[in-house]
Number of protein chains: 2
Amino acid sequence: MGKTALMIIDMQKDFCLPGAAFEVYGAMKVADKIKEALEAARKHGMPVIHVFRYYRADGSDVELTRYDGFVKAGGSLVRGTECAEILDELKPIDGEYLIVKQRWSAFFQTECDLLLRRLGVDHIVVTGVQTPNCIRGTVWDANSLDYEVTVLTDGTGAKTDEVHQANLYDMKNIGIMMMTTEEFINSLPNVPRENHVEKIRKDIEEKKIVPEPSSY
Amino acid sequence: MGKTALMIIDMQKDFCLPGAAFEVYGAMKVADKIKEALEAARKHGMPVIHVFRYYRADGSDVELTRYDGFVKAGGSLVRGTECAEILDELKPIDGEYLIVKQRWSAFFQTECDLLLRRLGVDHIVVTGVQTPNCIRGTVWDANSLDYEVTVLTDGTGAKTDEVHQANLYDMKNIGIMMMTTEEFINSLPNVPRENHVEKIRKDIEEKKIVPEPSSY
């Protein structure tokens, strides 16, 4: 069984601060919870992965359907600008990992999977904003890549609580684990988790079912 | 501006037939709508992409969180078995494309993107089951890969209408286009669509904004 890592997604000023270009209402409330989770993870030496979006200033790498909003905002989340920075209270410290992405999922054409494998991480605890987009996109890819995934229900958030809850519901339905920040902190250093891969491998070895015909 | 393709996802017996291992309630109602869309697309020579899941018989490529359900069903969606086949009424015909996937998204570690690019397709009309999982996963990846995406609101479905509607809502919110099957058919051969890429390219050429510093 591998390690568990804490992943913090898109807690950048332009997504979180009141009045910011791509503000997700409620992000600051989520930030308080993530700060608690982050401090606890640091105390226990758990790997921390900060994932965030940087766009190029000319918008050449902005999502097709987000480009108009990017232009209207006069550019947003551009590397090197203040508003693209991670919230002061969640600033990465030495020893933590930084993943830059241009899309919804932390895994979409990034080095995230390479890095987690190298670190021996097979379980991620996901926090950040917002639930229907970057959180969910990341969770779906992590599931597809055989990671065990836990979402902190109060360490993630969306524009409305209705959308947040509907997305938690869908994620639960595909087998994603749910936990509050308090439950996460109290469980450290042994965060509850499934270990599907071990069970599946054992099954495969014991049952010796022919996986497929030997010709296509 | 490129071509539009009709994509049909996971309309396999094991997802659709009443009592099947992974039945999505309401899938057969959706199948009727997809049949109408498919016939219209064929009449107009629109490329058709059939996407479906095949698992290996030993479960070695089933999603971690679906493996227990796979075993409980005594295997499901295994290549070569009847229940893994596409519904009779939606059977592919010569000239159409087949994409086998093992995960939610049609694009996840498949040749789907390669194929669409080669065909000159930059807009996909998505149908199939079920909305929160394979439909949404595919839509998110397609958006990330710069495709224009339209979802047929009655050519897709989920276990409950509540889940279906909540997912359509989230997709609309990131700029995914919505259409009924009837609207799609009536619009042929010129399916309404956005053309974000052209506009963005023009902007980039005209504005000449320095995209990023010349050193990292």
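From the N terminus on, chain A runs β-α-α-β-α-β-α-β-α-β-α-β-α-α. Helices (H or I, at least four residues) and strands (E, at least two) are DSSP runs, numbered from the N terminus. The model is predicted: local features need pLDDT of at least 70, side-chain atom pairs count only at pLDDT 80 or more, and totals for chains, interfaces and linings use all residues. Residues are numbered from 1 along each chain as its sequence is written, and chains are lettered from A and ligands numbered from 1 in the order in which they are written.

**Exercise 1. Size up chain A.**

Task: state how many helices and strands chain A has, and test its radius of gyration against that of a compact globule.

Solution.
- Step 1. Chain A holds 8 helices and 6 strands.
- Step 2. The radius of gyration is taken over C-alpha atoms, and the globule rule is 2.2 Å times the number of residues to the power 0.38.
- Step 3. For 216 residues a compact globule would come out near 17 Å; chain A has 18 Å, which agrees.
- Step 4. The C-alpha trace of chain A spans about 60 × 45 × 35 Å along its principal axes.

**Exercise 2. Order the sheet of chain A.**

Task: give the strand order of the sheet in chain A, name its edge strands, and place helix 2 of chain A against it.

Solution.
- Step 1. The sheet is open, has 6 strands in the order 3-2-1-4-5-6, and pairs them in parallel. Two strands pair if DSSP finds at least two bridges between them.
- Step 2. Strand 3 (97-101) and strand 6 (177-179) of chain A are the edges; each pairs on one side only.
- Step 3. Neighbouring strands of this sheet are turned by 25° against each other on average, direction ignored. Axes are lines fitted to C-alpha atoms, for helices over the stretch in contact, and angles run from 0 to 180 degrees between N-to-C directions.
- Step 4. Strand 1 (residues 3-9) and strand 2 (residues 48-53) of chain A run parallel and are joined by 4 bridges. A:Leu6 has A:Val48 of strand 2 as its bridge partner.
- Step 5. Helix 2 (residues 27-43) of chain A packs on the sheet and touches strand 1, strand 2, strand 4 (121-129) and strand 5 (148-157) of chain A. Its direction makes about 135° with that of strand 5 of chain A. Two residues are in contact if their C-beta atoms, placed from the backbone, lie within 7 Å.

**Exercise 3. Find the free sides in chain B.**

Task: explain why strand 3 and strand 6 of chain B each have one side without a neighbour in the sheet.

Solution.
- Step 1. Chain B has an open sheet of 6 strands, ordered 3-2-1-4-5-6 with parallel pairing.
- Step 2. Strand 3 (97-101) and strand 6 (177-179) of chain B stand at the edges with a single partner strand each, so one side of each lacks a neighbour in the sheet.
- Step 3. Strand 3 of chain B pairs with strand 2 (residues 48-53) of chain B in the parallel sense, over 5 bridges. There, B:His50 stands opposite B:Leu98 of strand 3.

**Exercise 4. Classify a helix pair.**

Task: describe how helix 5 (residues 131-144) and helix 6 (residues 161-173) of chain B pack.

Solution.
- Step 1. Their axes are 10 Å apart, at an angle of about 15°.
- Step 2. Helix 5 of chain B is therefore roughly parallel to helix 6 of chain B. Angles under 35 degrees count as roughly parallel, over 145 as roughly antiparallel, 65 to 115 as roughly perpendicular and the rest as oblique.
- Step 3. B:Thr131, B:Pro132, B:Arg136 and B:Val139 of helix 5 meet B:Val163, B:His164, B:Asn167 and B:Met171 of helix 6.
- Step 4. By class, this contact has 4 nonpolar, 3 polar and 1 charged residues. Ala, Val, Leu, Ile, Met, Phe, Trp, Tyr, Cys and Pro count as nonpolar, Asp, Glu, Lys and Arg as charged, and the others, Gly among them, as polar.

**Exercise 5. Describe the chain contact.**

Task: say which elements of chain B give two or more residues to the side that touches chain A.

Solution.
- Step 1. 37 residues of chain B are in contact with 37 residues of chain A.
- Step 2. The elements are helix 5, helix 6 and helix 8 (196-207) of chain B.
- Step 3. That side of chain B divides into 17 nonpolar, 10 polar and 10 charged residues.

**Exercise 6. Spot the backbone exceptions.**

Task: locate the cis peptide bond between B:Val129 and B:Gln130, and the positive phi of A:Asp10.

Solution.
- Step 1. Most residues other than glycine have a negative phi, and most peptide bonds are trans.
- Step 2. The B:Val129 to B:Gln130 bond is cis, with omega about -15°. B:Gln130 sits in the loop between strand 4 and helix 5 of chain B.
- Step 3. A:Asp10 has phi near 60°, and lies in the loop between strand 1 and helix 1 (13-16) of chain A.
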